[in-house]
Amino acid sequence: MINRDVLRIMIAKGAGDATLKKISKYTNNIDSYSLSDICNHIDLMCSLGMKQDVAQNIYDSKEASLQLEERLYQNNIDMCWIGDECFPDGLKKLNANDIPAVLFYKGNYQLLHNKSVGFTGSRKASDFGTRITDSCARQLSSRGISVVGGYANGVDITAHKAALQSGGNTVFVIVEGMFNNRIKGEIKELLDEKNHLFVSQFLPSLSWSAKNAMKRNNTIIGLSDAMILIESGYNGGTFNAGEQSLKNKKPLFVVEYGVNVPSAEANTFFLQHGGVPLRGDKNGQPILKKIYSVLDKKESHEEYEQLSLNLV
């Protein structure tokens, strides 16, 4: 449900995620004021540690939040913030600084209750990587497991498309705000009311930025029960996603190639620092048995204690 008081805080200069997280902790107390009470009393906001000018900005943002609320309704976009019961548990388990305070979404929000696997990989994936991604997504979908990705070209869109083509479902975690989201031609005809969800943690009018792409990686990780790293270089978004998966102790499965793949030069690094090898059968099809074991909780996550290793 759209919360106009959350919108007030998001759009107010000097406020944002950190402010919302602080207020969420306060409003969870039985004897606390409501979020609306807080936004409408500058002195109360200041008593919670906000600067006077930030509190004033929140107080003054009421009209702008009403206009944003109306536009969200018109575009069939809903939202959930960290103070709501509907906020995904997986995101709450991320390292504190990595947790987004708000999710804007459009589509089937119930997909976030499914078992899910996130994908990360190069925008210019090799033919090997593309085929492996396609096969993994189709195998997961055949078991009713949601595919989560960042909606970028290459590995992401291959995973999304394969899930949809095989009758599965997928979650698109986008970098820009929801008002700037565009349906890509290769998936447009595959979407229906139940098989997808678009999610953004950013203000609806925000444009794409590399900085936000890194933040988005953490949200993919938090919405996934395990991550598959297809191909990574030693810098860029995929390397960041691999690092953040390890730092957040998320089971990370890394494709181990039997041949030299230049776009996967950092895969060995992640395998040496806690990633679990993802290998293929004699026909070259990836074997996902270990992933299924993690999702079914047949293997203790203690076996993945190596994921807490500090990266160098």
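Which residue in S2 does Met79 stand opposite? The partner is Phe104. Keep in mind that this is a predicted model, and let's start with the sheet that this pair belongs to.

## The sheet and its order

Nine strands make up an open sheet with mixed pairing, and reading across it gives S1-S2-S6-S5-S4-S3-S7-S8-S9. At the two edges sit S1 and S9 (276–278), each of which pairs on one side only. Ignoring direction, neighbouring strands of this sheet are turned by 25 degrees against each other on average.

## Strand pairs, from one edge to the other

Begin at the S1 edge. S1 (residues 78–81) and S2 (residues 102–107) run antiparallel and are joined by four bridges. Met79 opposite Phe104 belongs to this part of the story. Next in the order, S2 pairs with S6 (residues 196–200), again in the antiparallel sense and over four bridges. Here Gly107 stands opposite Leu197 in S6.

Now jump to the other edge. S8 (residues 252–255) and S9 run parallel, with three bridges between them. Val255 has Leu278 in S9 as its bridge partner. So much for the strands; the helices come next.

## H1 against the sheet and H2

H1 is a good helix to follow around the model. On the sheet side, H1 lies across S1 and S2, and runs at about 120 degrees to S2.

H1 (residues 4–11) also packs with H2 (residues 17–27): the two axes come within 8 Å and cross at roughly 140 degrees. An angle over 145 would count as roughly antiparallel, so H1 and H2 are classed as oblique to each other. Their crossing is right-handed. On the H1 side the contact uses Val6, Ile9 and Met10, which meet Thr19, Leu20 and Ile23 in H2. Sorted by class, the contact has five nonpolar residues, one polar residue and no charged ones.

## H1 against H6

What about H1 and H6: at roughly what angle do their axes cross? The answer is 115 degrees, with the axes coming within 8 Å. This crossing is right-handed. H1 contributes Arg4, Leu7, Arg8 and Ile11, while H6 brings Lys62, Ala64, Ser65, Leu66, Leu68, Glu69 and Leu72. That makes six nonpolar, one polar and four charged residues in the contact of H1 with H6.

Two of those residues, Arg4 and Glu69, also form a salt bridge through their side chains, at 3.1 Å from N to O. Arg4 is in H1 and Glu69 is in H6 (residues 62–74), so the pair ties together parts that are 65 residues apart in sequence. The salt bridge count for the model comes to five.

## H8 against H9

Further along the chain there is another helix pair to look at. H8 (residues 127–142) and H9 (residues 155–165) pack at an angle of about 35 degrees, and their axes are 8 Å apart. H8 passes H9 in a right-handed crossing.

Which residues of H8 meet H9? They are Thr130, Thr133, Asp134, Ala137, Arg138 and Ser141. Facing them in H9 are Val155, Thr158, Ala159, Ala162, Ala163 and Gln165. By class, the contact of H8 with H9 divides into five nonpolar, five polar and two charged residues.

Terms used: Residues are numbered from 1 along each chain as its sequence is written. This is a predicted model: local features need pLDDT of at least 70, side-chain atom pairs count only at pLDDT 80 or more; totals for chains, interfaces and linings use all residues. Side-chain values use heavy atoms; hydrogens and water are left out. Axes are lines fitted to C-alpha atoms, for helices over the stretch in contact, and angles run from 0 to 180 degrees between N-to-C directions. Angles under 35 degrees count as roughly parallel, over 145 as roughly antiparallel, 65 to 115 as roughly perpendicular and the rest as oblique. A crossing is left-handed if the near helix is turned anticlockwise from the far one by less than a right angle, and right-handed if clockwise. Contact means heavy atoms within 4.5 Å. Ala, Val, Leu, Ile, Met, Phe, Trp, Tyr, Cys and Pro count as nonpolar, Asp, Glu, Lys and Arg as charged, and the others, Gly among them, as polar. Two strands pair if DSSP finds at least two bridges between them. A salt bridge is a side-chain nitrogen of Lys or Arg within 4 Å of a carboxyl oxygen of Asp or Glu.
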